[in-house]
Every structure is written in C-alpha cells, then in structure tokens.
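Here are some exercises for getting to know a new structure. Try each task yourself before reading its solution.

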Amino acid sequence: MRTKIGIGAALATSALLLTACSGGGDSTTSESASSSPSASASASETSEAIDATGQTLTIWVDENRQPAVEAAAATFEEETGATVELVQKNFEDIRADFLAQVPTGEGPDITIGAHDWLGALIEGGVVNTVDLGDNADMFSQVAVDAMTYDGQLYGMPYSTEAIALIQNTDLVGSDAPATWDDMIQMGVDSGADRPFCINTNGETGDGYTAYPLQMSFGAPVFVQEGGSYTSEVGMGGDAGDAFAQFLYDNGEKGTGYISTTIDYDTNNQLFNSGECAFTIQGPWALGSYTDVNFTVNPVPSAGGEDASPFVGVQGFYVSSQSENALLANIFLSDYIATPDAMQALYDADPRLPAFEGVDTASAPYPDAIAGFQASAEMGVPMPSIPEMGSVWDFWNAAESAIIKGSDPTETWDKMITDLTAALEG
Amino acid sequence: MSTETEAPAPPSESHARRWSGIGWGFIVKLALMMLVNAVGLAIIMAAWGIEQWTILWVSVGLLVVANWVYFARRTLPLKYIFPGLVFLLVFQVFVMGYTAYVATTNYGAGHNVNMQQAVDAALIQDERQVEGSPSYPLAVVRDGDTLGFAVAIDGVVQVGTEEQPLAPVDGATADGSGMPTEVPGWEIVSVNELLGDQALAQEVTDIRVPVSDNADDGSLRTRNASTASIYKSTLVWDEEATTLTNTETGVVYTPNEYGTFVGDDGSKLTVGFYVNIGLENFTKAVTDENYAGPLLKVTAWTFAFAFLTVASSFLLGLFFALVFNDDRVRGKKVLRTLFILPYAFPAFMSALLWRGMLNAEFGVVNQWFFFGADINWLGDPWLARFAVLFVNLWLSYPYWFLVCTGALQSLPSETTEAAKIDGAGKWRMFRSITFPLLMVSTAPLAIASFAFNFNNFTIIYMLTNGGPRFTDASVPLGSTDLLISAIYQISGIAGGRADYGLASALSVVVFVVVGIVSAIAFRQTKKLEEIQ
C-alpha cells in the first residue's frame, strides 16, 4: 500500500491535491483515498472466497499505541487474510480529522480516541455503536460508562488514566499528606526551594491539572445527575468562588506556589531536579523523573471534599460510514477484547488497563501505577458532552488570569457568565 | 527543449515541429507529451475509481487543452503560459473557490455531515438494545438472494428475514452452544464467506429481523455475524417528507433552515447537517456582539503588527547593510554570514526558544538583562505585543539586510559620484539618491513581506498562542491574536467548538483585505519607478 501511495503521489500530485481539497481536509486523505479503490474492487470478487483476503481495514493510531495495535493486527491478518492498514497520526489531530474525514468517505474504519471526544463525535454523526463481545464482563465498569452516551455504548475502552500527587520521597518521605496545608507544611519543612509546583501550561492555564483541587471545593465543571453530566455549568456559585480565591491566595500575588511561569517541561524539570517536593502529574510524565525517588498518592484536599481528578478513558471508535463494519466489529470483539491483546496493549503503552486480568507488574513503575489507580478510583469521568469542547478556553484563561492576580470572584463569575452564554448560543 | 543550433531552419518552423535531420525536437516533445498524457490518464482513472466526477471532468478538460496547446501551430504564447495557468487553477483558484463555498455554509460542530449521513447517525443513535435481551448465537442463512438470520430460542431454531418475522423451522438443528448448524431450505453462510464479500457483509449488518409480528418486540441485529441481540428503534425516516418521526411519542422532527432536526414539541436531535446559509457568516463577524468587538481589535493589531514588523525590520536591515557596505569594515564576509543566522534557523524553533527566554521567572532575558526583575513579557497585553514585534524583528531583519546589501551593491556609481562632485553631503546623498533608488527594488518585496506578516501564524502560535486573553471579551481571543490565528481558534481545530463556516468567511475577508492593500501599494511603487 505504502509504495503504491508513493508512486501515486509522485505521478499525480495535483489529482491527490484535488482529492484532498475536496475532502475538506489534509494530508491524510491521500492515504485512505488510495486505499478505497482496492477495497471496492475486491468487493466485487466472487462470494466463493473463504476468507477476508483483499479486504482492508483502516485504523488510525497514535505513535505510542501503534506497536500495540500492530501486534493485534498481525494476528488478525494471519487468521483472516484481511489487510490492516495502520495510519499513524498525532493523537491531538485525530479528533478533528475524524470529524472532517468520515463524512467524505475518506475516514478510517476504526480510530483510537479519548472518551471526552464522544459528545462531539456523536453530534458530528461520525461514530457507530459497538458491542464488547464475549468478554464484555471483563471491562472495568467506569471505563465502559465513560464510553457510554445516553445509554448507548460507542467505544471499546482499553485504558484509563488520571493524574495524582507525585512526591519526592527523599525530601518528604512517602506518607500521603491529608490536606493541602499538610502538604505545604511537609514541603516547607523539607527545605526544598518550592514545596509544591503545578503545570499551568504557561500563560494558557490548565484547568485539567488543577481539577482535583477544584473538586475539593465541590465545584464540578458540569452538574452531575445520576452519574452522567448535564449541560448545566456546575462550577459557579460560592464553591467556585472559594476555589478562585484559593487560586488567587496561592497565585503570584499570594504565596506563589502556583505560577503561570511553569509549563509542562518546566514543571518536570523542577521536580526532577529536586527543587520541588510535590507536584500533580499523570503517568505519562514519570519518564521525566529519572533523577529523583518518588511515590504516587492521591491528591490532598484543599477545600475539604474529595480531590477527584478527571478520569480519562481511551478506546476504539468505529466510523458510522465504515464500509467494513462487520470486519471492524470482529476485529474489536475477537482480536482486541481478549486478555492477550489487552496485555500486549498494556506492554506497549503502560496506562491503567480497563480490562480485568492485565498483569501490570511488567510496567516500569509498578508502585506508581498503584498510586495512580488509587487516584483514579476517587476520580470522576471527564465530561464527554459536546459542550465540554467550549469549556477549556474560558476555564483555562480564567484560572491563568486569577493566578496572575486578577480579582478572583469577578474573573471567575465573568467566566461562568461567558461560558453559559457560549453554551446556549 | 530546443538547444540545437546546427541546421538553419525556416524561421517560422519551431524546433519542436521540425522533421529535418533526425527530428529530435519533435521526438522530445512527443515523449514529454506522452508522459503528460500518461499522468493525466492515471489521474482520470483514479478519480473514476473513487467516483470524484468533478475532478475527473476537470482533468479530462485540462488534458485535452494541453494536447491542443502543444500540438497546434497557432498557440505559441499558450505553450509558455499553460503550465502556470494549470498550477494557478489547481493550487489557487480551486482552494479559494472552495473556501468561499464553505463560507456560505454552517459547516462546523453539530453540522458536520450531509442530510443523509445525519439521518443515518440519528437512526444509529436511536437504535437501542432491548433491556435484558440475551445475545443469541447466530447463523446467517440465505435462500437465493434473500438473507435471513437463524437463531435457537429455547432450543427451537427459528429463521426470519427482513420481511418475515422469526418462525420455527422444522428439522433444523443447533449445536451445544445454540448455534444453528443445519436449517432445511436455507443455506448457512459462514462468517468467513461474509468477511470475503464486503457487499454481503454490509447487508448482514444492515438487516433487522423482526422478532414477531408486533413491532414493539424489536428486531434481531448482529454486528459480528455470529451473535445477535434484540434492538428497537423508535425513529422512522420519511424520505419524501424529509422528516424523522418518533413512533413512541409521536413527535415529528423536521429540519429547520440551519440543518437541525426540530421536533414539533420544540426538542432537537443531537446530530444536524450542514446547509447553505448565504452570507450570514459574513454578517455574523461584524454584527455579532460577541465577535465584533474582539475581531475589530484583532484586525487593528494585525495591521499594526504587519506594518511595524516590515518597517522595523526594513530599517534595521538597511542600517546594517549601509554600515557593512562601507569599504572600511573588515571581515565583511564572516560578519555577513553571522547576520544571516537568525534567518537560516527555523522560525518556529526560534519562536519557541524565545518563549522560554522570555519566561518571567526562569527566562534568561529577565535574569541577564533586567537584574532578575519579574517582568511578565508574555503575560501583559502590551508587553506581549512588544515581545512579538521584537522577536519578529530579530527573525526578519537579516532578510532585509541581505536584500538591501544586494540592492546597494547594484546601485550605479555614476550618480553617487556626480552627487559628490556637486558637493552633496553623506546624509543628502542617502536621502536623495541611495534611498529612492533602493526603494525601487525593495518596495515590491516590502509589500510581499507585509502580506506574509499579515498572515504570520507561526510566530503567534509558537510565541504567545494569541495570549494573554482579552479580559473584557466573551470569545476566546487574545491581545496578540492576528486575524489568521483568530481564524484558527474559531475553526476549532485546536479542540474547541468548530465553526468552519465562520472561519472560512473570515479567511475570505482576510484574502480580500490583503489583496486590496497589495494592489494599492503596488500602484504606489509604480511612482517610485519613475525616478529612474
């Protein structure tokens, strides 16, 4: 397939460009564009064929998960004769590209994705419902719930993730602090330059990383009713204002523990150099902490209630316009939802598994995984309603402004007003 | 193509048509045109394969014209212009036309697909598994062209089709798991066979076999051709009336002029489709009170940014060019090479580096040059604007240094000597001779640079990402956002709610603005040329 694309691209650049443009999209169009003629050609083969030879299943994956899916795909190819074409994409690009490409018929049959895209994908009419197959009972209920929207299951989950408190054991020991004040005290006593640091994504603000602290004030981003989110903004009112005040008090005009000068890389560097005793991060950052000894605990409460992080779930979505729906479903239920495949997925990209029986001892940081698991257990699913897409910009910007010293109540309340208006409009 | 000079040919006969000698000219042309035709045919066949008729017909047209142009005798000028025209058509006109088309639609979040796809999606979302429905081992069966499902319910094998509800079949057997193994009158289609036949496989996933005569009991449906469960739909699509009806509540959903299905009780379906909304996107950009104010500010800053960047980098580049053009400067070559460095380094990397260096707490700019002061370069609206201008100056003055050095060296020395003899001072010579002559060759480049910086997405995205956010606005735009980065933000590619229609409308506006500014500016430069 690849060489074919290469030749085609070299010979017919302008035609591919035209196809790409008419697809309303981008470079990936050419990949699937050139795969469809072969797929439709083989469809006309005689029905005497005894296997799926000639059928092509296109799957979008990101760099981290490509090796894992590759393993499952190899078994599938061997047993069915079908071809699996893995298209590697940036994880951040997949959401917008999937929305844009599926309606043009150039999208994949299956894509990897995060559960919080679900609302947008449903609103865009690009996902199909799925079955978990024979092993349905082995999926973790939280993960399945996250992939469920309005009572329907739209994705096959395979991993969950949540952020947690990471502490430098050489500085503050491995005991989990109970409250924010305890943690700061432990940090100050340790003599570290900074008792605590947190990524605010620089000037942009990062509501995701600060969410456990916000939740400890009882200010969820959307009001939850019976486990699922409504589109009513829940972080306004006194609880939200209290959190805003907390941000201000610990911001640049207050204690300075939270600062907009810290982005992801700076944060990791500060923690890894031992300048910082505590930080809040996800399992993906552990690889950066090579120079310090650390342990992972749930985030301490700042406002009295549970500091629940967002739990994110990753899984597989099937395109609503897939011409290979049967093949795609068989691939998922028989070749992904198996203990072996799930183990392979875990080994290739260790994230908290959403499937029972996956052996996590092989992970680089087995103890840390337990800490993240504990944090995830008290977490709340990240809202997957389409309205969530509008939230980030307003929310992050307001937090950033407050940390920099804007009037907390005023800024926070204005954000709530603007956000509510944007959701209605 | 025709560099041979040997035989004196009649002047009217071109090398490429001539048959005298071995006729190399014609053969080369023939070979090249064969290649062009082969490529063209490949494109046409590819377009046929994926059923893209517009591309097919445009390619056919272009190919026919290409053959006519290069084989006809009277099309000499076109022979030169045609390739350029094709590229213009494909890379410019088409893209602009498509953007203009999208600008007239409401394509974006919630209006992502066409009507048929929206209906498909609504039906998918509506079809639910009947609560407590077990999953039955399933055998797909067929009788001629009719596909059916065979399942064993309570040990009795039943077969049904789309029209015929499930009914027991005599003499049918099932294995221990309940999977029917033999059904008299029906041929069992193996999963393998289904997998090898895409059309058949799609049919299997599409059919619903009613469980009984009563539609409320639901129908069997399979996703993997080996198990089936009972599902129920409440929505029914009426293609002629283009309405979706909920059979349970009786609500009729009719599409409104924005491509949303609205029920007669006022409720809406989640998924909508894109429709043509005329010029509404254009009016929204100026009349919507949420957008109008911030966009006006963004526009003003865009003009200021583009103008100040060009002016400052031109002047600085010119200054260094003048200095290093002086004969007394030693090691000119080395110094000039060093000057090029910021220009040679990828702009986005430089912007990222500067972002780090300008960090208020950890950045070297504050630590080294401001005694560790806490100056928030990227967090204060005016400082951030200044920082963007400064970094862009750093990035682009080497370009002007290069251009001006070249232009200075090509200035005629007679005029300067004549001025010297007339007793003109250095400043006078620069003002009346060097500068005007320099402007003749650099003004068009300045206009191009203005147009480039008007759309300079990279520096904004990498350095400030548009921030700091407007505190008095209700849309997520910021103090250093240029129109182009505002469009990116609005388009929702970054993860927010997408509104491609509005983003395209703004793109068209930007295109028109840049076009007008460039046209006016080019007219002005004509006057400069009169100096010579």
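The exercises below go from confidence, through chains and domains, to single helices and residues.

This is a predicted model, in which local features need pLDDT of at least 70, side-chain atom pairs count only at pLDDT 80 or more, and totals for chains, interfaces and linings use all residues. Residues are numbered from 1 along each chain as its sequence is written, while chains are lettered from A and ligands numbered from 1 in the order in which they are written.

**Exercise 1. Confidence**

Task: Find out where pLDDT stays under 50 in chain A and in chain B.

Solution:
- Start with the term: pLDDT is the predictor's confidence in each residue, from 0 to 100.
- Take chain A next: its mean pLDDT is 82, and 87% of its residues reach 70 or more. Residues 1–50 of chain A stay under 50, and the model has 93 contacts beyond four places in sequence for them. Here, two residues are in contact if their C-beta atoms, placed from the backbone, lie within 7 Å.
- Now chain B: the average pLDDT is 85, with 95% of the residues scoring at least 70. In chain B the stretch under 50 is residues 1–10, with 12 contacts beyond four places in sequence.
- A word of care: where pLDDT is low, the predicted coordinates should not be read in detail.
- For the model as a whole, ipTM is 0.78 and pTM is 0.79.

**Exercise 2. Chain A and its domains**

Task: Describe the make-up of chain A and say how far apart the C-alpha centres of its domains 1 and 2 lie.

Solution:
- Begin with the elements: chain A has 17 helices and 15 strands. Helices (H or I, at least four residues) and strands (E, at least two) are DSSP runs, numbered from the N terminus.
- Then look at burial: 57% of the 425 residues of chain A count as buried. A residue is buried if 20 or more other C-beta atoms lie within 10 Å of its own, exposed if 12 or fewer, and partly exposed in between, with C-beta atoms placed from the backbone.
- Split the chain: domain 1 of chain A covers 25–30 + 49–161 + 312–367, and domain 2 covers 164–308 + 387–424. These bounds come from an automatic or database domain assignment.
- Their C-alpha centres are 31 Å apart.
- Where the two domains of chain A meet, eight residues of domain 1 contact seven of domain 2. The domain 1 side divides into two nonpolar, one polar and five charged residues. Ala, Val, Leu, Ile, Met, Phe, Trp, Tyr, Cys and Pro count as nonpolar, Asp, Glu, Lys and Arg as charged, and the others, Gly among them, as polar.

**Exercise 3. Where the chains meet**

Task: Work out which element of chain B gives the most to the side that touches chain A.

Solution:
- Count both sides: the contact takes 61 residues from chain B and 68 residues from chain A.
- List the candidates: elements of chain B giving two or more residues include α1 (24–49), α2 (53–71) and α6 (198–206).
- Pick the winner: α6(B) gives the most, with seven residues.
- Sort the chain B side by type, and you get 30 nonpolar, 23 polar and eight charged residues.

**Exercise 4. A helix that bends**

Task: Locate the bend in helix α14 of chain B.

Solution:
- Check the length: α14(B), residues 426–454, has 29 residues, but its end C-alpha atoms are only 35 Å apart, short of the 42 Å a straight helix would reach at 1.5 Å a residue. The expected span is 1.5 Å times one less than the number of residues.
- Find the spot: α14(B) bends by about 50° at B:S441, and the proline B:P444 follows within four residues. A bend is the angle between axes fitted to the seven residues ending at a residue and the seven starting there.
- Look inward: buried residues of α14(B) include B:L437, B:L438 and B:F454.

**Exercise 5. Two positive phi angles**

Task: Say where A:N201 and B:T242 are found.

Solution:
- A:N201 lies in the loop between β8 (194–197) and α10 (211–215) of chain A. Its phi is positive, about 55°, although it is not a glycine.
- B:T242 sits in the loop between β13 (235–238) and β14 (243–246) of chain B. Its phi is about 45°, again positive in a residue that is not a glycine.
- B:T242 counts as partly exposed because it has 13 C-beta neighbours inside 10 Å.
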